[in-house]
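Welcome! Here are a few exercises to help you find your way around a new structure, each with a worked solution.

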Amino acid sequence: MARQEKTTKKQSYQYDAIVLGAGPAGEGAAMKLAKSGKKVAVIDQRHQVGGNCAHVGTIPSKALRQTVFNIMRYQRDPLFQKVGEWKQVPLSEVLRNAHRVIEAQVDTHTRFYERNQIDVHHGRAYLQDEHTVIVHMLDGGSETLSFDQLVVATGSRPYQPEGLDFNHPRVFDSDKILTLNYPIHKIIIYGAGVIGSEYASIFIGLDYKVDLINTQAQLLNYLDDEIADALSYYLRELGVLIRHNEQIEHLETHDDYVVLHLQSGKKIKADAILWCNGRSGNTDGLGLENVGLAPNSRGQLAVNSQYQTDVPHIYAAGDVIGWPSLASAAYDQGRCAAANMVGEQDVQPVLNVPTGIYTIPEISSIGKTEQQLTDEKIPYEVGQASFRHLARAQITGETVGVLKILFHRETLEILGIHCFGNNAAEIIHIGQAAMLSQANNSLRYFANTTFNYPTMAEAYRVAALNGMNRLF
Ligand SMILES: Cc1cc2nc3c(=O)[nH]c(=O)nc-3n(C[C@H](O)[C@H](O)[C@H](O)COP(=O)(O)OP(=O)(O)OC[C@H]3O[C@@H](n4cnc5c(N)ncnc54)[C@H](O)[C@@H]3O)c2cc1C
Ligand SMILES: NC(=O)c1ccc[n+]([C@@H]2O[C@H](COP(=O)([O-])OP(=O)(O)OC[C@H]3O[C@@H](n4cnc5c(N)ncnc54)[C@H](O)[C@@H]3O)[C@@H](O)[C@H]2O)c1
């Protein structure tokens, strides 16, 4: 337990609710339960709170990306070109900023638990029966905790297929890559989902040679086609070699290099490989069989719209329930689960989630794509603003990008917003606010509203007027 001396080897506690996992989903649930007057405990196998999100996922990868983005920006700016030799700096050096952010995040979140009098037990949780969890503590002891209600928020981890030796110093997954401490010149990234595409941007920004192996026919096929094409174009422009429709045959490992053999017959040699293909829910070894719950083949738990599992007093939220597997959604799901647990009425499940992909350049979207609207035969029109024409983009030098608004050509209702370019993940929220408000969901809002100038928000006015000019 966090704020208690390690005295006994065995302890027993009684709680109204226990939350397994101190990532965003667990935190969202625990805070809501505590605010509702429940006696709450959180169990996490790490010695610090924050979950995989803070320690190996969102936070370090985004902090790393920011450092690389800054390096790329300096390199482009003639004023800073003599900044010094930065090429081939070990990742551990570049990660220094990430570690600083992780520490700051852990401090902040630790205080949240303390201020809300939530007990944090550090150890591995095992469900003994429907109302008892055993915590195998990091110091070797154990605690027995009983609960009336439970939230499973144990998150996910990289999927490691059989036949790949992740203990080999040149074979990495997205957790282990944060420990890479030797210089490399070329890396293979296998899997071109969000994680693979984001790391491709990071490594190419560090001037490594990058081969991105995509098992699918195009990058991120759930994105609007034009945006996915733009991503492919700019990754290639930066030097990433993308190979689509490829599958691993086997991986050859050596002391100082790896060779990836593909089913197509191609062979790729590199200093290291980063495996980014798939994640599995953390449900194994949790004792779910003792409470009558069975996860699917990816370790995920099924829940209803209240985030309740098949066992009525056990809820689940975050990556462990699958889609959308985002930190943003995980926190809200945890909060919704808790609201349902304390009997709040009309709690809306988390469905309207924007996409924010931190490649370089960034991508963000909400609502429907052009392909979906075409398939559904909805009469839509497009309004576009190219970043290169915006004063703010010219001032910052971040001129690569576009904002696309898809709207109903008769009602002017906004149906989808897709953005590619610097700060896209922030820019999308302006459109999201209008789109989700009943009163303002009209293209007219952007045409008739005065925005600060110069800002990137101006893109909405430019795109709205562009779209209206297409109507006849
Ligand atoms: C490289 C990477 C980049 C990402 N970038 C983004 C991004 O930019 N934006 C975004 O929204 N999302 C991003 N994600 C996804 C995001 O990190 C996850 O969606 C989020 O962490 C899920 O939160 P969670 O609370 O469900 O679980 P987690 O953050 O996975 O935390 C679960 C916690 O439970 C603990 N635990 C597991 N089993 C047990 C047990 N038996 N006993 C005790 N404790 C246990 C784990 O150790 C962990 O601390 C990224 C993920 C990765 C891997
Ligand atoms: N910026 C962001 O929002 C961000 C950044 C990084 C990661 N993430 C989240 O992390 C998750 C993982 O991202 P990803 O890029 O690795 O994509 P992914 O893991 O969802 O998919 C990659 C491929 O692996 C397959 N796969 C997934 N789980 C598997 C399993 N257990 N066994 C076998 N195959 C499996 C998928 O079908 C897909 O073909 C995503 O759901 C994403 O939402 C988000």
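## Exercise 1: Ser-197 and Gly-196

Ser-197 is found in helix α6. Keep in mind that this is a predicted model.

**Task.** Work out whether Ser-197 is buried or exposed, and whether Gly-196 is buried or exposed.

**Solution.**
- Step 1: Recall the cut-off, by which a residue is buried if 20 or more other C-beta atoms lie within 10 Å of its own.
- Step 2: Ser-197 has 28 C-beta neighbours inside 10 Å, so Ser-197 counts as buried.
- Step 3: Gly-196 is placed in helix α6, which covers residues 194-205. With 23 C-beta neighbours inside 10 Å, Gly-196 counts as buried.

**Task.** Beyond the neighbours within four places in sequence, which residues is Ser-197 in contact with, and which is Gly-196 in contact with?

**Solution.**
- Step 1: For Ser-197, the partners are Ala-192, Leu-219, Leu-220, Leu-231, Ile-357 and Thr-359.
- Step 2: For Gly-196, they are Ile-189, Gly-191, Leu-212 and Cys-276.

## Exercise 2: An annotated site

**Task.** Find where UniProt places the feature "binding site", and explain why its residues gather at one spot.

**Solution.**
- Step 1: The UniProt record, an unreviewed entry, puts this feature at Gly-191, Ala-192, Gly-193, Val-194, Ile-195, Gly-196, Ser-197, Glu-198 and Gly-278.
- Step 2: These residues span 88 residues in sequence, yet no two of their C-alpha atoms are more than 14.5 Å apart, so they gather at one spot.

## Exercise 3: Around ligand 1

**Task.** Describe the residues that surround ligand 1.

**Solution.**
- Step 1: Ligand 1 is surrounded by 38 residues, and the closest are Gly-21, Gly-23, Gly-51, Gly-155 and Gly-318.
- Step 2: Sorted by type, the shell holds 15 nonpolar, 18 polar and five charged residues.
- Step 3: At least two shell residues come from each of α1 (24-35), β2 (40-44), α2 (51-55), α3 (58-76), β3 (119-129) and α8 (327-341).

## Exercise 4: The whole protein

**Task.** How many helices and strands are there in the protein, and what does its radius of gyration agree with?

**Solution.**
- Step 1: The protein has 13 helices and 21 strands.
- Step 2: A compact globule with 472 residues would have a radius of gyration near 23 Å; the protein has 24 Å, which agrees.
- Step 3: Along the principal axes, the C-alpha atoms fill a box of roughly 70 × 60 × 45 Å.
- Step 4: Of the 472 residues, 46% are buried.
- Step 5: Among contacts with a separation of 6 or more, 66% join residues 24 or more positions apart.

Conventions. Residues numbered from 1 in each chain as written. Chains lettered and ligands numbered in written order. Predicted model: local features only at pLDDT ≥ 70, side-chain atom pairs only at ≥ 80, totals over all residues. Near = placed C-beta within 6 Å. Helix = DSSP H or I, 4+ residues; strand = E, 2+ residues; numbered from the N terminus. Nonpolar A, V, L, I, M, F, W, Y, C, P; charged D, E, K, R; others polar. UniProt positions renumbered as here; feature names shortened; annotations may be inferred. Buried ≥ 20, exposed ≤ 12 C-beta atoms within 10 Å, placed from the backbone. Contact = placed C-beta atoms within 7 Å. Rg over C-alpha atoms; globule rule 2.2 N^0.38 Å.
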